[in-house]
Amino acid sequence: MNRSDVILELQLVPELLKQAEAIYVDAVSELSWAKHQLLAKECEVIGDGLVTGKNEQQRQAEIWPYTKELQQQVLRMEDAVEHAKVEFHFYKRKLENLQIIAKLMTIL
């Protein structure tokens, strides 16, 4: 990696990092909204008297048919958050490494 490569990467990576961070923040926000929708649906089902279970497992079994899709959506969004986090941290480390390389090039 020569100086011009490092300079070019130092110009490009901050924008990629910004984009990755925005995607990560959006994914976290969407996950929060999905969890809110799931909780609202659970409250609705309980409020309508559709849950009569004596213990937590019975209640969850009774809620499942009404919330299955929302629970799956939450799981998919949790996965998306983790993938976005990986991408964000990749570009963050890449920028830090490029900055170190640039400093070492000025020393040598």
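In this predicted model, Lys-85 and Glu-82 are joined by a salt bridge, with 3.6 Å between their closest N and O atoms. Both residues belong to helix H2, where they sit 3 residues apart, or about one turn of the helix. Neither side of this pair is tucked away under the cut-offs used: with a relative accessible area of 27%, Lys-85 is partly exposed. Glu-82 is partly exposed as well, at 41%.

Searching the whole structure turns up 5 salt bridges, and a couple of others are worth a look. The side chains of Glu-56 and Arg-59 meet in one of them, at 3.3 Å from N to O. Here too the partners are in helix H2, and because they are 3 residues apart, about one helical turn separates them. Glu-56 has a relative accessibility of 45%, so it is classed as partly exposed. Arg-59 gets the same label, partly exposed, at 28%.

The salt bridge between Glu-78 and Lys-35 reaches much further along the sequence. The closest N and O atoms of this pair are 3.9 Å apart, which fits inside the 4 Å limit for a salt bridge. Glu-78 is in helix H2 and Lys-35 is in helix H1, with their positions 43 residues apart, so this pair links distant parts of the chain. Glu-78 comes out as partly exposed at 30% relative accessibility, and Lys-35 is likewise partly exposed, with a relative accessible area of 41%.

The two helices also meet through aromatic rings. The count of aromatic pairs comes to 2. One of them brings together Tyr-24 and Phe-88, whose ring centres are 6.1 Å apart and whose planes differ by 5 degrees, a stacked arrangement. Why does this pair count as stacked? The angle of 5 degrees falls under the 30 degrees set for stacking, and that is why the label applies. Tyr-24 lies in helix H1 (residues 3-47) and Phe-88 in helix H2 (residues 56-107), so the pair links parts of the chain that are 64 residues apart. The two rings do not fall in one accessibility class: Tyr-24 is partly exposed at 22%, whereas Phe-88 is buried at 13%. The dividing value is 20%, which is why these two residues end up with separate labels.

The other aromatic pair is made by Phe-90 and Tyr-91. Their ring centres are 5.0 Å apart, and an angle of 75 degrees between the planes makes the pair edge-to-face. Is Phe-90 buried or partly exposed? With a relative accessible area of 39%, Phe-90 is partly exposed. Tyr-91, on the other hand, is buried at 15%.

Just before Phe-90 in the numbering comes His-89, a residue of helix H2. At 30% relative accessibility, His-89 counts as partly exposed. How far apart are His-89 and Ala-20 in sequence and in space? In sequence they are separated by 69 residues, while in space their C-alpha atoms are 8.6 Å apart.

Charged and aromatic side chains are not the whole story. Leu-8, Leu-12 and Leu-16 make up a nonpolar patch on the surface, and together they have about 240 Å² of accessible area. Of these residues, Leu-12 is placed in helix H1, and with a relative accessible area of 43% it is partly exposed.

Zooming out, the chain has 2 helices and 0 strands. Its radius of gyration is 23 Å, well over the 13 Å that the globule rule gives for 108 residues, so the chain is more spread out than a compact globule. The dimensions of the C-alpha trace can be set beside this: along the principal axes it spans about 75 × 20 × 15 Å. Of the 108 residues, 22% count as buried. The chain exposes about 7,900 Å², and 58% of that comes from carbon and sulfur atoms. As for contacts in the chain with a separation of 6 or more, 79% of them are between residues 24 or more positions apart. Among the pairs described above, Tyr-24 with Phe-88 and Glu-78 with Lys-35 each link distant parts of the chain in this way.

How values were computed
Residues numbered from 1 in each chain as written. Predicted model: local features only at pLDDT ≥ 70, side-chain atom pairs only at ≥ 80, totals over all residues. Heavy atoms only, no water. Phe/Tyr/Trp six-rings, centres within 6.5 Å; stacked < 30°, edge-to-face > 60°. Helix = DSSP H or I, 4+ residues; strand = E, 2+ residues; numbered from the N terminus. Buried < 20%, exposed > 50% of the residue type's maximum accessible area, 1.4 Å probe, protein only. Patch = residues over 30% accessible without salt bridge, like charges linked within 9 Å, V, L, I, M, F, W, Y side chains within 5 Å. Areas by Shrake-Rupley, 256 points an atom, 1.4 Å probe, with all protein chains shown as cover. Rg over C-alpha atoms; globule rule 2.2 N^0.38 Å. Contact = heavy atoms within 4.5 Å.
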